[in-house]
Amino acid sequence: MTKIVPVSGPELVTYADELAALLVEAVEGGASVGFLAPLDREAAAVWWRERAAAVEAGSHQVWIARDEERPLGTIGLVKAPMPNARHRAEVAKLVVRPSARGRGVGRALLTAVERSAAADGLALLVLDTETGSDAERLYRSAGWTPCGSVPDYAADPYGTLRATTFYYRALGPREASPAGPSQ
């Protein structure tokens, strides 16, 4: 059975090696999540450990999908730092182990993030993904709205520039804007 769990900063450090193996496997399987193949496992572990301080500070959240043996997937949420953007966050690094794809792991991770964000009072989520990817099909089927595509935005794991599509998901009512200067 797959269990989705949020992790603290110290837990992220503890899981760094397992998450590195997951990330390396996903990149080798063609996942376009910001890294180029071949991804060195120790470099991937360092990348995860470097996220721990942001998780502990509350500006970044990470969830792991686990079975009894190992992580099957992960997802992050990065809160916008500026005062005028505190109503939104970016979904980042949705990664599912290739052998676990097609079993609802990605959807469960995405749902966990959406629910947590809504419970935290966030009203808008954004993300980007490689145009035409399996991830794009997941986001569309989960009700995310595409809002534009940029050609040659990022390289896939093999170094080929690919288009990226940006998506958003409204979670709740917008708050009224503060009144501007009197006229």
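Visitor: Where does Phe 35 sit in this chain?

Guide: Phe 35 has its place in the loop between H1 and H2. Those labels stand for helices, which are DSSP runs of H or I with at least four residues, while strands are runs of E with at least two; both are numbered from the N terminus. Before we go on: this is a predicted model, where local features need pLDDT of at least 70 and side-chain atom pairs count only at pLDDT 80 or more, though totals for chains, interfaces and linings use all residues. Residues are numbered from 1 along each chain as its sequence is written, and side-chain values use heavy atoms, with hydrogens and water left out.

Visitor: Why is Phe 35 called buried?

Guide: Buried means under 20% relative accessible area, exposed means over 50%, and partly exposed is in between (1.4 Å probe, protein chains only). Phe 35 has 14% relative accessibility, so it counts as buried.

Visitor: What is Phe 35 in contact with, leaving aside its neighbours within four places in sequence?

Guide: Contact here means heavy atoms within 4.5 Å. With those neighbours set aside, the partners of Phe 35 are Leu 23, Val 27, Trp 47, Lys 93 and Pro 157. Take Leu 23: it is twelve residues from Phe 35 in sequence, and their C-alpha atoms are 9.0 Å apart in space.

Visitor: Is there anything else to see in that loop?

Guide: Look at Pro 38, also found in the loop between helix H1 (9-28) and helix H2 (41-57). The peptide bond joining Ala 37 and Pro 38 is cis, with omega about -5°.

Visitor: You mentioned Lys 93 as a partner of Phe 35. Why is Lys 93 called partly exposed?

Guide: Its relative accessible area is 29%, which falls between the two limits, so Lys 93 is partly exposed. You'll find Lys 93 in strand S4 (residues 88-96).

Visitor: What makes the phi of Lys 93 worth a look?

Guide: Phi of Lys 93 is near 55°, a positive value in a residue other than glycine. Asp 152 also has a positive phi, near 50°, and isn't a glycine either; Asp 152 belongs to strand S6 (residues 145-155). For a glycine, try Gly 121 just after H3, where phi is positive at about 85°.

Visitor: How do you know that the span of H3 agrees with its number of residues?

Guide: The expected span of a helix is 1.5 Å times one less than its number of residues. Helix H3 (residues 105-119) has 15 residues and should span 21 Å; its end C-alpha atoms are 21 Å apart, so the two agree.

Visitor: Which residues of H3 are buried?

Guide: Val 105, Gly 106, Leu 109, Leu 110, Ala 112, Val 113, Glu 114, Ser 116 and Ala 117.

Visitor: What makes Val 113 buried?

Guide: Its relative accessible area is 0%, so Val 113 is under the limit and counts as buried. Not counting residues up to four places away in sequence, Val 113 touches Trp 63, Ile 75, Leu 77, Val 91 and Leu 125. Val 113 and Val 62 are 51 residues apart in sequence, yet 8.8 Å apart in space, C-alpha to C-alpha.

Visitor: And Arg 107, buried or partly exposed?

Guide: Partly exposed, because Arg 107 has a relative accessible area of 34%. Arg 107 is in helix H3 too. Beyond its neighbours within four places in sequence, Arg 107 is in contact with Leu 138, Ser 141 and Ala 142.

Visitor: How do you know that Arg 66 is buried?

Guide: Arg 66 has a relative accessible area of 16%, so it is buried. Arg 66 lies in strand S2 (residues 60-66). Residues up to four places away aside, Arg 66 touches several others, including Met 1, Tyr 15, Glu 18 and Pro 71.

Visitor: What about the protein chain as a whole?

Guide: There are four helices and seven strands, running β-α-α-β-β-β-α-β-α-β-β from the N terminus on. Of the 183 residues, 40% count as buried.

Visitor: How do you know that the radius of gyration agrees with a compact globule?

Guide: The radius of gyration is taken over C-alpha atoms, and the globule rule is 2.2 Å times the number of residues to the power 0.38. With 183 residues, that gives a value near 16 Å; the protein chain has 17 Å, so the two agree. Along its principal axes, the C-alpha trace spans about 60 × 35 × 30 Å.
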